[in-house]
Amino acid sequence: MAQNTYKTQPKPPKPPRKRESRLYNYLNRTFGLEKLIGEDNPWPIEHFGRIVWVAFLIIIYIGSNHNAERLVRKLQKTKAEVDELRAHYTTLQAAFMKTGKQSEIRKQVEALGLGESQVPPQIIVVKPEEEQ
């Protein structure tokens, strides 16, 4: 076997490529971001994706808070309606129970010309031999 007599030089490491975002390029062309933040300050450019992600999370958080507050207001409104209906039910039940009393029935029947019987009821007794 023939040995390789010459040594190959190791390749120098490639410098990391700066990844340009299409969104950043679009915003830079549209609004001129480099003019706003300065061309010598690379921090916002390097972390643009993270800034957008945090902004997205903040929007989700605010939306969730608004939704929770809306649900709390709806629950309070429903609870007030239930309390009002419960009070109305209690009032109607008390009125119904009152109209079922004998004294109240007597007042309603007197308007029709009927009155309470003055003669006590009679008991009818049937003897066993008269049953058939």
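Which residue forms a salt bridge with arginine 86, and how far apart are the closest N and O atoms? The partner is aspartate 83, and the closest N and O atoms of the pair are 3.3 Å apart. Before looking further at this pair, it helps to go through the chain as a whole.

The model is a predicted one. Its secondary structure consists of five helices and zero strands, so the pattern read along the sequence is α-α-α-α-α. The mean pLDDT of the protein chain is 82, with 77% of the residues at 70 or more. Confidence varies along the chain: helix α3, covering residues 43–46, has the lowest mean, 65, while α4 has the highest, 95.

Now the surface. The protein chain has 132 residues, and 8% of them count as buried. Its accessible surface is about 13,600 Å², and carbon and sulfur atoms account for 60% of that area.

Helix α4 spans residues 48–99, and isoleucine 60 lies in it. Isoleucine 60 is also one of the residues that make a nonpolar surface patch of about 810 Å². The other members of this patch are Trp53, Val54, Phe56, Leu57, Ile58, Tyr61 and Ile62. Isoleucine 60 has a relative accessible area of 44%, so it is classed as partly exposed. A residue needs over 30% relative accessible area to be included in a patch, and the 44% of isoleucine 60 satisfies that condition.

Helix α4 also holds the pair from the opening question. Arginine 86 and aspartate 83 are three residues apart in this helix, which means that about one helical turn separates them. Aspartate 83 is partly exposed, at 36% relative accessibility.

How many salt bridges does a search of the whole structure find? The search finds two. Besides the bridge between arginine 86 and aspartate 83, there is one between lysine 107 and glutamate 104, where the closest N and O atoms are 3.6 Å apart. The cut-off for a salt bridge is 4 Å, so the 3.6 Å of this pair falls within it.

The second pair sits in helix α5. This helix covers residues 102–110 and includes glutamate 104. Lysine 107 and glutamate 104 are three residues apart in α5, and therefore about one helical turn lies between them.

Is each partner in this second bridge buried or exposed? Lysine 107 is exposed, with a relative accessible area of 55%. Glutamate 104 has a relative accessible area of 18% and is buried, because the limit for that class is under 20%. Leaving aside residues up to four places away in sequence, glutamate 104 touches Lys98 and Thr99.

Key. Residues numbered from 1 in each chain as written. Predicted model: local features only at pLDDT ≥ 70, side-chain atom pairs only at ≥ 80, totals over all residues. Heavy atoms only, no water. Helix = DSSP H or I, 4+ residues; strand = E, 2+ residues; numbered from the N terminus. Contact = heavy atoms within 4.5 Å. Patch = residues over 30% accessible without salt bridge, like charges linked within 9 Å, V, L, I, M, F, W, Y side chains within 5 Å. Areas by Shrake-Rupley, 256 points an atom, 1.4 Å probe, with all protein chains shown as cover. Salt bridge = Lys/Arg side-chain N within 4 Å of Asp/Glu carboxyl O. Buried < 20%, exposed > 50% of the residue type's maximum accessible area, 1.4 Å probe, protein only. pLDDT = per-residue confidence, 0-100.
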